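Reader: Could you take me through the side-chain contacts in this one, starting with the aromatic rings and working outward from there? I'd like one connected answer.

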Amino acid sequence: MAADERGARAGRKQSVMVAGVIGGLAGASLAGHRGARAAGLGAVAGAAALATCEAVARARQRPGEIPALWARIATSAALVAPLGWAAGRVTGARPVAVGAATGTLGGLLGLRPQKVLLGPLLGAAVGRGLAVRGRPVPAAVTAAVTMAAYRTASALVFRDAQVSLLAEQVPAEDLPFVVPRESRSRYVGTGYIRELAGVLGGGYVADAADVGIVASVSELAGPDFDPSGIDPLVREFYEHTTRFTLDIIPQWRLWVRPGYLLYRTVVARPLGQANVPMNQRETQRGIHSRIDTISPGDDGAVAIRGWIRSFADTGEPIYVGIYTTYRHGGRGYVSVGFPLPQASFTATLLPRSRPGGGLVLTSRSDLDQPGHYLAHTDPATQELMVLAVHGFAEQLDVYVEDGELRAEHAFAVFGLPFLVLHYRIHRKPVAGADLSS
């Protein structure tokens, strides 16, 4: 208990120090137009103000809660002030343009389509309101005021939480629905499972032969899924995934494409993770799929299955997912963990039977296990802080149609579909088979 309290105090102290740095940069940016001396005083005042704000918010924070909204709004406004200052210096942008750009950034980070639309409109309105004063308004001020106004309006309009703090400083074994496999570097990439094997020990097999993303579909039995009714071809795909090739056709909704292109350029490609193809033309470059495994014991039993997909022509990663199954409350679940730097994103899915012998894995459920979870791993203690990501939903539907395997992997945010991955699944040619007959 004493160690936990010391760890919590150290975490709060670090948060206050980071807030001080952010506040100092913001203060210098907001006052910089008045000269170097004003910028220095602004940095001191900003550091003190935001550090105090963070200290008060952390002191009032209850277990299982994220910091207060007002503190998060203040931090958001402080973060964009230096960006506004830089934009003003480089481009000479006026308040309307700075406001619209800041609102667009806030909307994209908010994920919801409604927020994506609200952001630039509100931002432009705030910028216009500042411009009518008749005096020049520094770009840093415009950016900070716009972000504060957007975050406040967004909180008033969209009252249901996007994320909630589910657990803090909790051992991984207490959270079976989270796959706590973080990346120890800033790049995940196709070599992640090999690097993980070096940390965990055990037997590592790259591109394992005749292995599946799950050991046995029977492990998923429950009230909503009877494994005895599954089509043999669907079972074979899950238990022997490497016997098959997958042709993919991504279908993105128009409204999400600009935001995804920005995310892909700024986040996914530099990270080497979650880099989904934008269109069918990209998939025609060829996609290489393999499963790497780790077997910690002498019996060779596979403990970790990493499904790795990459573009065949360049080796650029598409995604690295670690597939696990577990049982809870008389049901089986599939959890897929996507490693991130010192963190992981997990999708925990409930299996359901599909007419015709198919299998549906879905996060849509009133049960407490399915859902999406963002977990941060403490490097020193390996304990987890976990956020539940509300509003994000996915469903994977694997079935047989006219004797061939098909799959539809659909994603939605706050009830609005934004992506469907259509799969045609074919058995690989058997090595040495006579193809002329």
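**Aromatic rings and what surrounds them**

Author: Let's start at Phe 392, which is partly exposed, with a relative accessible area of 25%. Keep in mind that this is a predicted model. The partner ring of Phe 392 belongs to Phe 345, and the two make an edge-to-face aromatic pair, with 6.2 Å from centre to centre and 85 degrees between the planes. Phe 345 sits in strand β8 and Phe 392 in strand β12, so this pair ties together parts that are 47 residues apart in sequence. Phe 345 is partly exposed too, at a relative accessible area of 21%.

These two rings also belong to a wider group: ring pairs link Phe 345 and Phe 392 with Trp 252, Tyr 260, Tyr 263, Phe 411 and Phe 418 in a cluster. Tyr 263 from that cluster turns up again on the surface, where Leu 262, Tyr 263, Val 266 and Val 267 make a nonpolar patch of about 320 Å². Its member Leu 262 is placed in helix α9, which runs over residues 257-271. Leu 262 has a relative accessible area of 43%, so it counts as partly exposed.

Back to the rings for a moment. The total comes to 14 aromatic pairs. Another of them is Trp 307 with Tyr 319: the ring centres are 6.4 Å apart and the planes stand at 85 degrees, so this one is edge-to-face. Trp 307 comes from strand β5 (residues 304-311) and Tyr 319 from strand β6 (residues 317-328), and the two are 12 residues apart. Here both partners fall under the 20% cut-off for buried: Trp 307 has a relative accessible area of 7%, and Tyr 319 has 15%.

While we're in strand β5, have a look at Ser 310, which is found there as well. Ser 310 is buried, at a relative accessible area of 6%. Setting aside neighbours within four places in sequence, Ser 310 is in contact with Thr 190, Gly 286, Ile 287, His 288, Gly 315, Glu 316, Pro 317 and Ile 318.

Now return to strands β8 and β12, where the phenylalanine pair sits, because a salt bridge joins them as well. Asp 397 and Arg 354 make that bridge, with the closest N and O atoms 2.7 Å apart. Asp 397 lies in β12 (residues 392-401) and Arg 354 in β8 (residues 343-354), so the bridge ties together parts that are 43 residues apart in sequence. Asp 397 is buried at 14% relative accessible area, whereas Arg 354 is partly exposed at 27%.

Glu 316, one of the contacts of Ser 310, has a charged side to its story: salt bridges with shared partners join Glu 316, Arg 264, Arg 269, Glu 282, Arg 285 and Asp 313 into one network. Across the whole structure, 15 salt bridges are found.

Two more of these bridges span longer stretches of sequence. In one, the side chains of Asp 224 and Arg 331 meet at 2.6 Å, N to O. Asp 224 is in the loop between β2 (203-205) and α8 (232-239), and Arg 331 is in strand β7 (residues 331-340), so parts that are 107 residues apart in sequence get tied together. Asp 224 is partly exposed at 32% relative accessible area, and Arg 331 is buried at 17%.

In the other, Glu 236 and Arg 427 meet in a salt bridge, again 2.6 Å from N to O. Glu 236 lies in helix α8 and Arg 427 in strand β14 (residues 416-427), so the link ties together parts that are 191 residues apart in sequence. Glu 236 is buried at 14% relative accessibility, while Arg 427 is partly exposed at 43%.

That brings us to the nonpolar interior. The largest nonpolar core has 44 residues, and Phe 237 and Tyr 238 are those with the most contacts inside it. Strand β14 gives the largest share of this core, five residues. Leaving out neighbours within four places in sequence, Tyr 238 is in contact with Gly 212, Ile 213, Val 214, Val 217, Leu 359, Leu 361, Leu 396 and Val 398. There is also a second, separate core of 14 residues, including Val 188, Leu 196, Leu 271 and Ile 308.

Technical notes. Residues are numbered from 1 along each chain as its sequence is written. This is a predicted model: local features need pLDDT of at least 70, side-chain atom pairs count only at pLDDT 80 or more; totals for chains, interfaces and linings use all residues. Side-chain values use heavy atoms; hydrogens and water are left out. A salt bridge is a side-chain nitrogen of Lys or Arg within 4 Å of a carboxyl oxygen of Asp or Glu. Helices (H or I, at least four residues) and strands (E, at least two) are DSSP runs, numbered from the N terminus. Buried means under 20% relative accessible area, exposed over 50%, partly exposed in between (1.4 Å probe, protein chains only). A nonpolar core is a set of buried Ala, Val, Leu, Ile, Met, Phe, Trp, Tyr and Cys residues joined through side-chain atoms within 4.5 Å. Contact means heavy atoms within 4.5 Å. Patches are made of residues with over 30% relative accessible area and no salt bridge: like charges are joined within 9 Å, nonpolar side chains (Val, Leu, Ile, Met, Phe, Trp, Tyr) within 5 Å. Accessible areas come from the Shrake-Rupley method with a 1.4 Å probe; for residues, only the protein chains shown count as cover. Rings of Phe, Tyr and Trp (its six-membered ring) pair if their centres lie within 6.5 Å; planes under 30 degrees apart count as stacked, over 60 as edge-to-face and the rest as tilted.
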